[in-house]
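Dear colleague,

Please find the sequence and the structure below. My notes follow.

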Amino acid sequence: MWLPVAGLIIGIILGLLTEIRIPEEYSNYLSIAVLAAFDTLFGGIRAYLQNIYDEKVFVSGFFFNIILAASLAFLGVHLGVDLYLAAIFAFGVRLFQNIAVIRRILLTKWSTNKEKLEKS
Amino acid sequence: MNRMKVRGNHVILSLVSLVLGFILAFSYHLTKMENEKPKMTDKQYEQTLALRNQLIEQEKTNRELQKELNQKQEKVQKNEKELAKEAQVFSNLAEDTEKYRLFLGKVKVKGKGVKVTLSDGAYDPEEENVNNYLVHEHHIFKVINELYISGAAAIAINGQRLTSHSYILCNGPVITVDGVQNPAPFVITAIGDPDVLSSSLNLTGGVKDQLVNDNIVFKLEKEDNIVLNPILGG
């Protein structure tokens, strides 16, 4: 359990310490990538809670979504169409749905646990 | 085996979380930097704009001033050249002035020259007319003219300088030069080349012979150092 947490901490430290400067017009892609990563993460948590978690799907989805979102934004910038809005919309909606599902599952679990405790 | 699989899961998961953490932190960092950099209020922006405009204005003015400076420098150079020319002209004029002053008798003159002394002839009982052995104005004129023709720069009679408008009058036994009476003997001093002056006076049948014929005692000396004083009140 400690390995993913350590990875997270190392990633944060690396991100904070890097002095790489990316041009301002590419910072849009980065925010889209962040959104995609969040979406996939919560999707994974939801799947795990619903017992339909598949590691291959999660990992491939994580990286694929990030790349897709970034390339969509890139394409949008070059075509003059604000395609990154589509990505934000899609990921945002899914993010809220996933969080809602997670909340419900957790609530159900909590209430069943409580009932079990009361029964026993 | 199961444990191994769990480990593998964890490795992949940690990789995912590493990427996630990196992206998150990087994004956060970047946004913070961007916010820090162009933190400009409207007021500051206006100020910057004003300063920039001022700078541009200043540079424009500088350029104009530079141009003006170049033009002025050219002018100065021209003026300097003219001044140099003028200075030359002035020095020429100064030399000329010095020369003219010399001729006008306004300055003290010093130099080589000759001294001619004209004295009345000795009393001769055979001669009835006393005028025949006195020095007359025309004698002096002759001497002076001869000296001037021979290139004398300045002439004085008994120490009195002659100018271009001097007048010489015979007045009995004395000769009036510019209103000043001079008795005999008359000493005519002239500045110029002594050899030229004396040889011109000594010409056969020239001034000396004519004067001697008129019973006048004529004495000619070459002098190395003659000083002629300027005309008083001239």
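Which residue just after helix 3 of chain B takes a positive phi? The residue is Gly151(B), with a phi of about 100°.

Before the rest, two remarks on the source. This is a predicted model, in which local features need pLDDT of at least 70 and side-chain atom pairs count only at pLDDT 80 or more, while totals for chains, interfaces and linings use all residues. Residues are numbered from 1 along each chain as its sequence is written, and chains are lettered from A and ligands numbered from 1 in the order in which they are written.

Chain B overall

Chain B contains five helices and eight strands (DSSP runs, H or I of at least four residues for helices and E of at least two for strands, numbered from the N terminus). Their order from the N terminus is α-α-β-α-β-β-β-β-β-β-α-α-β. Of its 234 residues, 22% count as buried (20 or more other C-beta atoms within 10 Å of the residue's own; exposed means 12 or fewer, partly exposed is in between, and C-beta atoms are placed from the backbone). Among the contacts in chain B with a separation of 6 or more, 74% are between residues 24 or more positions apart (contact means C-beta atoms, placed from the backbone, within 7 Å).

Helix 3 of chain B

This helix covers residues 137-149, which is 13 residues. From first C-alpha to last it reaches 18 Å, close to the expected 18 Å (1.5 Å times one less than the number of residues). Its buried residues are His139(B), Ile140(B), Val143(B), Ile144(B), Glu146(B) and Leu147(B). Seen down the axis of helix 3 of chain B, these fall within an arc of 160° (taken from the directions from the helix axis to the C-beta atoms), so they line one face of the helix. An α-helix has 3.6 residues a turn, so residues three or four places apart point the same way. The face turned away from the buried side carries the exposed residues Phe141(B), Asn145(B) and Ile149(B).

The sheet and the hairpins of chain B

Five strands of chain B form an open sheet in the order 3-2-7-1-8, with antiparallel pairing (two strands pair if DSSP finds at least two bridges between them). Strand 3 (160-161) and strand 8 (217-228) of chain B stand at the edges with a single partner strand each, so one side of each is left without a neighbour in the sheet. Strand 1 (residues 109-119) and strand 7 (residues 186-191) of chain B are joined by six bridges in the antiparallel sense. There, Lys115(B) has Thr189(B) in strand 7 as its bridge partner. Helix 4 (residues 194-201) of chain B packs on the sheet and touches strand 1, strand 7 and strand 8; its direction makes about 20° with that of strand 1 of chain B (axes are lines fitted to C-alpha atoms, for helices over the stretch in contact, and angles run from 0 to 180 degrees between N-to-C directions).

Strand 4 (residues 168-171) and strand 5 of chain B run antiparallel and are joined by four bridges. Cys170(B) stands opposite Ile175(B), and Asn171(B) has Val174(B) as its bridge partner. This hairpin has two residues between the strands, and Gly172(B) takes a positive phi near 70° there. Strand 5 also pairs with strand 6 (residues 180-182) of chain B, antiparallel over three bridges; Thr176(B) is partnered by Gln181(B). In that hairpin, again with two residues between the strands, Asp178(B) has a positive phi near 50°.

Which side chains of strand 5 (residues 174-177) of chain B point to the buried face? They are Ile175(B) and Val177(B), while Val174(B) and Thr176(B) point to the other face and are not buried.

Chain A and the interface

Helix 3 of chain A has 25 residues and reaches 35 Å, close to the 36 Å expected. Its buried residues include Phe62(A), Asn65(A) and Ile66(A). Just after this helix, Gly80(A) takes a positive phi of about 80°.

Helix 3 (residues 55-79) and helix 4 (residues 84-119) of chain A pack at about 150°, with their axes 8 Å apart. Helix 3 of chain A contributes Ala69(A), Leu72(A), Ala73(A) and Gly76(A), and helix 4 of chain A contributes Tyr84(A), Ala86(A), Ala87(A) and Phe91(A).

Between the chains, 21 residues of chain B are in contact with 23 residues of chain A.

Regards

Conventions:
Two residues are in contact if their C-beta atoms, placed from the backbone, lie within 7 Å.
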